[in-house]
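Q: I'm new to this one and would like a close look at a single part of it. Could you walk me through that part and then show me where it sits in the whole?

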Amino acid sequence: MDELEFCIKSMSYPLGMLLEGSARRQGKFVRVRRKEVTLPNIPFAALCYLTGIALYDSLDLVDKKRLQNDYRAIERFRRKMLGSKLGDVLRPYIESPGRHIFPGERLAIDWLEFEARRKKVEPYLERIVELEKTTGSSEGLLKGTEFLDGLSPDRGLLLVYIAEDEKLRGLINAALGKNNPQFREAVIRYFKALQG
């Protein structure tokens, strides 16, 4: 998983699944097709946002409705990036996404595969929720989540995605960062890419 896939999955795991195994090509516009994504040479944060929008736009109306909250997460990312120190550099790309996205193919999320993956990480979520109830503190939760150390970064992102509430997502991210070296390294690579 590269930094772009990590970025998309951190906002919308199902959209990120559409990037899995996709070849990356250089081009003037962001364009998504089955097993191929064309990417311009622009700042990574803008690339992440534009790819998220292009993937969302490639879906049919049923999937778009199902992923409305994920679209909101992509827009929160945009607002956060505009408010960052990179905001002025990113503004030309992310304030007018239509100028930088070329319509691609209609894509479909494999919901059966998503549910199969979800079932594999749900036991981790159940353990974390139980720990949160019994420990009563963030520190206690972090100490009790050593069992996350063998989770792949991909499964870690899915675990965060399926957590219902924002506080729990933050705790899971912290637990993965503390107890899972692979996840921590992926996060570091992602943040380095964001900073350019």
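Let's start with helix α6: which of the residues 87–94 are buried?

A: Before anything else, keep in mind that this is a predicted model. In helix α6, which covers residues 87–94, the buried residues are Gly87, Leu90 and Ile94. Look down the axis of α6 and these buried residues fall within an arc of 70 degrees, so they line one face of the helix. The spacing has a simple background: an α-helix has 3.6 residues a turn, so residues three or four places apart point the same way.

What does that face meet? The buried residues of α6 pack against two other helices, α3 (44–57) and α5 (68–82).

Follow the first of those partners and you come to threonine 51, which is found in helix α3. With a relative accessibility of 0%, threonine 51 counts as buried, because the cut-off for that is under 20%. Skip its neighbours within four places in sequence, and threonine 51 is in contact with Leu4, Ile8, Leu19, Val30 and Leu39.

Now step back to the chain as a whole. Its secondary structure comes to 11 helices and three strands. Reading from the N terminus, the order is α-α-β-β-β-α-α-α-α-α-α-α-α-α. The radius of gyration is 17 Å, close to the 16 Å that the globule rule gives for 196 residues, so the chain is as compact as a globular protein of that length. Along the principal axes, the C-alpha atoms fill a box of roughly 50 × 40 × 25 Å. Buried residues make up 46% of the 196 residues. Take the contacts between residues at least 6 apart in sequence, and 66% of them join residues at least 24 apart.

A good place to see distant parts of the sequence meet is tyrosine 161, in helix α9 (residues 153–162). Its C-alpha atom is separated by 7.8 Å from that of methionine 11, although the two are 150 residues apart along the chain. Tyrosine 161 is buried, with a relative accessible area of 17%. Leaving aside neighbours within four places in sequence, its contacts include Met11, Ser12, Tyr13 and Pro14, along with Leu67, Asp70, Phe114 and Arg169.

For a contrast, try glutamate 139, found in helix α8 (residues 138–143). At 59% relative accessibility, glutamate 139 counts as exposed, since the cut-off for that is over 50%. If you go back to threonine 51, the C-alpha atoms of glutamate 139 and threonine 51 are separated by 36 Å, and the two residues are 88 apart along the chain.

Lysine 35 is another exposed residue, at 55% relative accessibility. You'll find lysine 35 in the loop between β2 (31–33) and β3 (36–39). Its backbone is worth a glance too: phi of lysine 35 is near 65 degrees, a positive value in a residue other than glycine.

Finally, the surface and the charges. The chain exposes about 10500 Å², and carbon and sulfur atoms supply 51% of that. There are 34 positive and 28 negative charges, and their mean positions are 4 Å apart.

So, back to where we began: Gly87, Leu90 and Ile94 are the buried residues of α6, and they pack against α3 and α5.

Notes. Residues numbered from 1 in each chain as written. Predicted model: local features only at pLDDT ≥ 70, side-chain atom pairs only at ≥ 80, totals over all residues. Heavy atoms only, no water. Helix = DSSP H or I, 4+ residues; strand = E, 2+ residues; numbered from the N terminus. Rg over C-alpha atoms; globule rule 2.2 N^0.38 Å. Buried < 20%, exposed > 50% of the residue type's maximum accessible area, 1.4 Å probe, protein only. Contact = heavy atoms within 4.5 Å. Areas by Shrake-Rupley, 256 points an atom, 1.4 Å probe, with all protein chains shown as cover. Lys, Arg positive; Asp, Glu negative; His and termini not counted. Charge placed at Lys NZ, Arg CZ, Asp CG, Glu CD. Arc of directions from axis to C-beta.
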